[in-house]
Amino acid sequence: MAEQPGRVLDIITEFANIGAGSAATALSSLLDVELMNDATTCEILPLAKVSDYLGGAKQVVAGTYTYLCGDLKCGVLVVLPSDSAKALLQHLTKESVELSALNTIQLSALKEVGNICLCWYLIAVSKMISVDMIPAPPDATVDLLGAVLDMPLASVGAKVDTVIAVHTQFKALDREFEGYFLMLPEESTLKLILDRMGDPRQ
Amino acid sequence: MRDQTIVGIAQMAVCRAPRGLACLGLGSCVAVILYDPAMKLGGMVHILLPKAPHKCDSDEKYADTGTRKLVGELIAKGAKKERLVAKLVGGAQMFPNLSLSISDIGNHNIDEVKKTLKELGVKLVAEETQGNRGRSAYLNTENGSVTIETAFSATKTI
């Protein structure tokens, strides 16, 4: 991996693009808005720099997190800035939403949105590389970005000092709504993805 | 606001008044904050995981090795262990409904820091830990007070 990090990142980026495309389509039909994915970016970052890369540890975001068990070990997050999370929940629940005090229905709606995105992301990529992916049921919270990222980073950080953050932004075409998917693969998972998608080292 | 150093995940910093120290957006991570009032010398380490493996990649990432390294660094800068006071912030459970072994990592982090502080004989005087909300911690090196900010609640000082 050390020899050609650029090509490795290209492959991972392509992988994430396909997953994110599928997730955005599912989210589009759920919300009945047209969503557009921006290009996926893929960065190798030290643990301390991940939240800066995503815009700063202190911003308030809605995060839905799940972790893949099985052959592929990987954290997957759907992150919405607070304005977008509020707009999305108001759209879905047809009631006014206070992010500081979400009720059970609202929190459940947030989890479900994350769940749908994550599942469609996984369906697309697992088909592509023919590997079964088993996600743990997701959980969601609205809090400081740094805090939302702690557990995902702790799950991959046990083995490494740097993480590969795979980031795909999505945006609504006609509304103020945006967010991103973040994938944090473990190294064994990276190897598997590279093997299945054509390892540039070979 | 006065100048401050931001301490990121798996990082450590030590400084003297008037410069402050801060850890932003702590979830399950723990900020171990040590202060020597006589020297107005403060230190912070932002730990991610409880116990360092046998072959450790970075001391600052783990509760046990990070806490030890911070105490050592403060003593090297002239602090006395008997004067040091410790405050802890963080160790929350951000995704309590996620059924993974790592879900409880915040508690493990806190336990390991407390154990290490006890072994080293450093007094723990205050903590703002556990729960399920993220926190930012700011150390005022003039008096050793730690201000805690959250996303939605009022600011608190310990």
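A salt bridge is taken here as a side-chain nitrogen of Lys or Arg within 4 Å of a carboxyl oxygen of Asp or Glu. By that criterion, a search of the whole structure, which is a predicted model, yields 14 salt bridges over all chains.

**Interface between chains A and B**

The contact draws 35 residues from chain A and 34 residues from chain B. About 2,700 Å² is buried between chain A and chain B, and carbon and sulfur atoms give 65% of this area. Three residues, A:D139, A:D150 and A:M151, supply 23% of the area that chain A buries against chain B, more than any other three residues.

Between the two chains there are 10 residue pairs in polar contact, both residues being at pLDDT 80 or more. On the side of chain A that touches chain B, the elements giving two or more residues are β2 (60–69), β5 (139–144) and α5 (145–157) of chain A. Of these, α5(A) provides the largest share, 10 residues. By residue class, this side of chain A divides into 22 nonpolar, six polar and seven charged residues.

**Salt bridges**

Two salt bridges are counted between chain A and chain B. The table lists these together with pairs formed within chain B.

| Nitrogen partner | Oxygen partner | N to O distance |
|---|---|---|
| A:K58 | B:E149 | 3.5 Å |
| B:R133 | A:D143 | 3.1 Å |
| B:R19 | B:D3 | 3.9 Å |
| B:K156 | B:E128 | 2.9 Å |

The salt bridge of B:R133 and A:D143 crosses between chains, from the loop between β7 (123–129) and β8 (135–139) of chain B to strand β5 of chain A. Its two ends differ in exposure: B:R133 is partly exposed, at 31% relative accessibility, whereas A:D143 is buried, with a relative accessible area of 0%.

Within chain B, the side chains of B:R19 and B:D3 form a salt bridge. B:R19 lies in the loop between β2 (12–16) and β3 (20–26) of chain B, and B:D3 in the segment before β1 (4–6), so the pair ties together parts that are 16 residues apart in sequence. B:R19 is partly exposed at 34% relative accessible area, and B:D3 is exposed at 55%.

B:K156 and B:E128 also meet in a salt bridge. Because B:K156 belongs to strand β10 (residues 156–157) and B:E128 to strand β7 of chain B, this pair ties together parts 28 residues apart in sequence. B:K156 is partly exposed, with a relative accessible area of 43%, while B:E128 is buried, at 18%. Elsewhere, salt bridges that share partners join B:K51, B:D64, B:E112 and B:K115 into one network.

Definitions and conventions: Residues numbered from 1 in each chain as written. Chains lettered and ligands numbered in written order. Predicted model: local features only at pLDDT ≥ 70, side-chain atom pairs only at ≥ 80, totals over all residues. Heavy atoms only, no water. Contact = heavy atoms within 4.5 Å. Buried area = accessible area lost by both parts, 1.4 Å probe. Polar contact = N/O pair within 3.5 Å; in protein donor to acceptor, adjacent residues only side chain to side chain. Helix = DSSP H or I, 4+ residues; strand = E, 2+ residues; numbered from the N terminus. Nonpolar A, V, L, I, M, F, W, Y, C, P; charged D, E, K, R; others polar. Buried < 20%, exposed > 50% of the residue type's maximum accessible area, 1.4 Å probe, protein only.
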